[in-house]
Amino acid sequence: MRDLDKEARARLRGLSKENAERVGAHLVMAGRLLDADPELAYAHAQAAVRRAGRIDVVREAAGIAAYRTGRYAEALRELRTVRRLNGSSEHLPLMADAERGLGRPERAIALAGSEEARTLDAEARTELAIVVSGARTDLGEHDAALVVLDRIPASERRGDLGLRVLQARAVALEAAGRSDEAATVLAGVDPAALERAIGAAATPDEDVVVFDAYDESADEGNEAEADR
């Protein structure tokens with residue numbers, strides 16, 4: 001529990017102390033393992049859902065883990081549940097990309113044009129623009145894919161997010177058959193920095209104690225707690 005941030009701990013206060021500790025441990029492991037072992041992270045998130053399925057941070061962890069493991073329909077269901085529970089649209093970029101993953105780029109574009117999209121902060125707007133650019137490429141609308149990226153303000157193209165915008169531009173150009181231009185876009189970019197920015201960098205080894213994500217005997221004794 002102490003490894004969770006303050007806000008997440010507060011969300012678990014309605015649970016018994018023992019159940020809160022177990023749910024918190026599963027959430028911590030889900031977060032730690034998301035890059036190194038997404039499937040195991042997913043298993044931990046599911047264990048947390050079984051114990052506390054009506055808590056937004058639990059469903060959020062489940063949705064993100066489902067997305068990272070390619071379970072796009074499940075990710076959409078979970079993130080929509082999060083939105084109903086706390087009213088936040090912060091995961092709209094993930095939801096739009098899940099629509100792309102399901103072969104529905106038109107729905108991704110529609111989400112970007114929704115009223116909810118206007119409530120996003122600058123970082124989330126840029127993330128969503130990257131997704132929309134990909135959706136336009138999926139539809140063969142290569143010029144439109146580039147225009148979406150051009151409209152991102154310069155102030156929002158800094159750091160790792162800025163590198164991701166460059167990567168998205170290179171992908172869009174490559175898809176349009178403009179390989180030389182795509183190479184030029186990334187010519188001055190440090191490959192290691194780009195890998196880090198897009199999440200492709202190798203995860204450093206760390207001492208992580210992995211416990212059983214399927215603690216069925218404990219879960220059976222806490223079915224009532226899971227719905228509180």
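A cavity is taken here as a set of grid points where a 1.4 Å probe fits but cannot get out. By that criterion, the structure, which is a predicted model, holds one cavity of 30 Å³ or more. The space inside this largest cavity comes to about 30 Å³. Its lining is made up of Leu79, Val82, Arg83, Ser88, Ser89, Glu90, His91, Leu92 and Met95. Two elements, helix H5 (72–86) and H6, each give two or more residues to that lining, and H5 supplies the largest share, with three residues. Sorted by class, the cavity lining has four nonpolar, three polar and two charged residues.

Helix H6 is a good place to pick up the thread, since Leu92 and Met95, both found in the cavity lining, also take part in the contact of H6 with H7. Here the axes of helix H6 (residues 92–101) and helix H7 (residues 105–112) come within 7 Å and cross at roughly 160°. An angle over 145 degrees counts as roughly antiparallel, and H6 and H7 are therefore roughly antiparallel to each other. The crossing of H6 past H7 is right-handed. On the H6 side, the residues that meet H7 are Leu92, Met95, Ala96, Glu99 and Arg100, while H7 contributes Pro105, Arg107, Ala108 and Leu111. Six nonpolar and three charged residues make up this contact, with no polar residues.

Helix H6 comes back into view at the largest pocket, which holds about 870 Å³ of space. The lining of this pocket counts 29 residues, and those nearest its centre are Tyr67, Pro93, Leu94, Glu127 and Arg164. Four helices give two or more residues to the pocket lining: helix H4 (56–68), H6, helix H8 (122–138) and helix H10 (159–175). Which of the helices gives the most to the lining of the largest pocket? That place goes to H8, with eight residues. By class, the pocket lining divides into 13 nonpolar, six polar and ten charged residues.

Seen together, these results keep returning to H6. This helix packs roughly antiparallel to H7, gives two or more residues to the lining of the largest cavity alongside H5, and is also among the helices that give two or more residues to the lining of the largest pocket.

Methods: Residues are numbered from 1 along each chain as its sequence is written. This is a predicted model: local features need pLDDT of at least 70, side-chain atom pairs count only at pLDDT 80 or more; totals for chains, interfaces and linings use all residues. Side-chain values use heavy atoms; hydrogens and water are left out. Axes are lines fitted to C-alpha atoms, for helices over the stretch in contact, and angles run from 0 to 180 degrees between N-to-C directions. Angles under 35 degrees count as roughly parallel, over 145 as roughly antiparallel, 65 to 115 as roughly perpendicular and the rest as oblique. A crossing is left-handed if the near helix is turned anticlockwise from the far one by less than a right angle, and right-handed if clockwise. Contact means heavy atoms within 4.5 Å. Ala, Val, Leu, Ile, Met, Phe, Trp, Tyr, Cys and Pro count as nonpolar, Asp, Glu, Lys and Arg as charged, and the others, Gly among them, as polar. On a 1 Å grid over the protein atoms alone, a cavity is a set of points where a 1.4 Å probe fits but cannot get out, and a pocket is an open set with protein on both sides within 12 Å along at least five of seven lines; lining residues have an atom within 4 Å of a point. Grid points are joined across faces, edges and corners, and a volume is the space filled by probe spheres set on the points.
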